Amino acid sequence: MPLIKDPSEFIRRETRIKPVPHAEEIRLHVADEAMDLWQKTEDELGELGIAPPFWAFAWAGGQGLARYILDTPDLVSDKRVLDFACGSGLVGIAAMMAGAASCHAVDIDPFALAAAELNADLNGVMLSFETADITASEPPAADIVFCGDVFYDKYMADKVMDLIDRLLARGTEVLVGDPGRSYLPKSLLTELADYRVPVVGALEDNEIKHTKVYRVEKI
């Protein structure tokens, strides 16, 4: 029987509110120590091998996308946005702050959706939420889709590219934020911005990641 009956209360208790290093206009509930929070999540759920708490950190690709959106508000102005694999909700929050008409945040982890809702409230914006794997179904209607830090392994990259193929086929613009992860499909991307992004050193190979924002071109 899961011991965490209220994910939102758990997130409030086990995180601190901090500004995002590369997008200081936005504040998030974030963890101080990755492994400590992961262990607490396993302990309180009574399960081993659960997904890492990706929602508790501002990852490099998401920070890059958030910065680009805030600096280029015409990109999302009055548009329907989809924040794919939303994690903390950082990118969707940036989109709403920049004038998007709406943002639908999707993730497979219910804790991510709880964190994204708390973070949206914290920043005074409203998102809609869905716990789902939309790589295996028809994606929600959107004018522009953001994908941050999703090319970290081949299995995930293949699933994401199948989704992006379908999005591009129906004329949806897709932007990617990525610090050069192994399965990034570079030949299909047009670079839009280049940043040096502060990250949690314990989770990455460096405390500053060279992060880029790309548009995905038709395949």
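**Entry 1: a yardstick and an overview**

I count a residue as buried under 20% relative accessible area, as exposed over 50%, and as partly exposed in between. I keep in mind that this is a predicted model. With that yardstick I looked at Arg80, whose relative accessibility of 38% makes it partly exposed.

I then took stock of the protein chain. I found six helices and nine strands in it. Of its 219 residues, 53% count as buried. I also looked at contacts with a separation of 6 or more, and 69% of these are between residues 24 or more positions apart.

**Entry 2: salt bridges**

I went back to Arg80 and asked myself: with which residue does Arg80 form a salt bridge? The partner is Asp143, and the closest N and O atoms are 3.0 Å apart. I noted that this pair links distant parts of the chain, with the two positions 63 residues apart: Arg80 sits in strand β3 (residues 80-84), while Asp143 sits in the loop between β5 (128-131) and β6 (144-148). Asp143 is partly exposed, at 31% relative accessibility.

My next stop was Asp133, whose side chain meets that of Lys159 in a salt bridge at 2.7 Å, N to O. Asp133 is in the loop between β5 and β6 and Lys159 is in helix α6 (residues 154-169), so this pair ties together parts 26 residues apart in sequence. For Asp133 I noted a relative accessible area of 31%, which is partly exposed.

I also looked up Arg13 and Glu14, whose side chains form a salt bridge at 3.1 Å, N to O. Is each partner buried or partly exposed? Arg13 is partly exposed at 39%, whereas Glu14 is buried at 18%. I can place both in a network of salt bridges that also includes Glu9. My count of salt bridges came to twelve.

**Entry 3: the nonpolar cores**

I turned to the inside of the chain. The largest nonpolar core has 39 residues, and Ile69, Val76 and Phe146 have the most contacts inside it. I listed the elements that each supply at least two residues of this core: β2 (23-30), α3 (60-71), α4 (90-97), β4 (102-107), α5 (110-122), β6 and β8 (189-198).

I picked Phe146 for a closer look. Leaving aside neighbours within four places in sequence, I found Phe146 in contact with Leu65, Ile69, Leu75, Val76, Val81, Leu82, Asp83, Phe84, Val91 and Leu175. I also recorded a second, separate core of 23 residues, with Val106, Met161, Leu163 and Val176 among them.

Ala95 was worth a visit too. I found Ala95 in helix α4, and it is buried, with a relative accessible area of 0%. Beyond neighbours within four places in sequence, Ala95 is in contact with Ile69, Val76, Val81 and Ala100. I also checked Ala95 against Leu82, which is 13 residues away along the chain, and their C-alpha atoms are separated by 9.5 Å.

**Entry 4: the largest pocket**

How much space lies in the largest pocket? I noted about 770 Å³. I found 32 residues lining this pocket, and the closest to its centre are Phe54, Ala85, Asp149, Tyr152 and Met156. The lining divides into 18 nonpolar, six polar and eight charged residues.

I then asked which elements build the lining. β3, α4, β4 and α6 each supply at least two residues. Helix α6 gives the most, with three residues.

**Entry 5: two backbone angles**

I stayed with two of the residues closest to the pocket centre, Ala85 and Asp149. As a reminder to myself, most residues other than glycine have a negative phi.

Ala85 has a positive phi, near 50°. I located Ala85 in the loop between β3 and α4, where it is partly exposed at 27% relative accessibility.

Asp149 also has a positive phi, near 55°. I located Asp149 in the loop between β6 and α6. Why does Asp149 count as buried? Its relative accessibility is 10%, and the cut-off is under 20%.

Methods:
Residues are numbered from 1 along each chain as its sequence is written. This is a predicted model: local features need pLDDT of at least 70, side-chain atom pairs count only at pLDDT 80 or more; totals for chains, interfaces and linings use all residues. Side-chain values use heavy atoms; hydrogens and water are left out. A salt bridge is a side-chain nitrogen of Lys or Arg within 4 Å of a carboxyl oxygen of Asp or Glu. Buried means under 20% relative accessible area, exposed over 50%, partly exposed in between (1.4 Å probe, protein chains only). Helices (H or I, at least four residues) and strands (E, at least two) are DSSP runs, numbered from the N terminus. A nonpolar core is a set of buried Ala, Val, Leu, Ile, Met, Phe, Trp, Tyr and Cys residues joined through side-chain atoms within 4.5 Å. Contact means heavy atoms within 4.5 Å. On a 1 Å grid over the protein atoms alone, a cavity is a set of points where a 1.4 Å probe fits but cannot get out, and a pocket is an open set with protein on both sides within 12 Å along at least five of seven lines; lining residues have an atom within 4 Å of a point. Grid points are joined across faces, edges and corners, and a volume is the space filled by probe spheres set on the points. Ala, Val, Leu, Ile, Met, Phe, Trp, Tyr, Cys and Pro count as nonpolar, Asp, Glu, Lys and Arg as charged, and the others, Gly among them, as polar.
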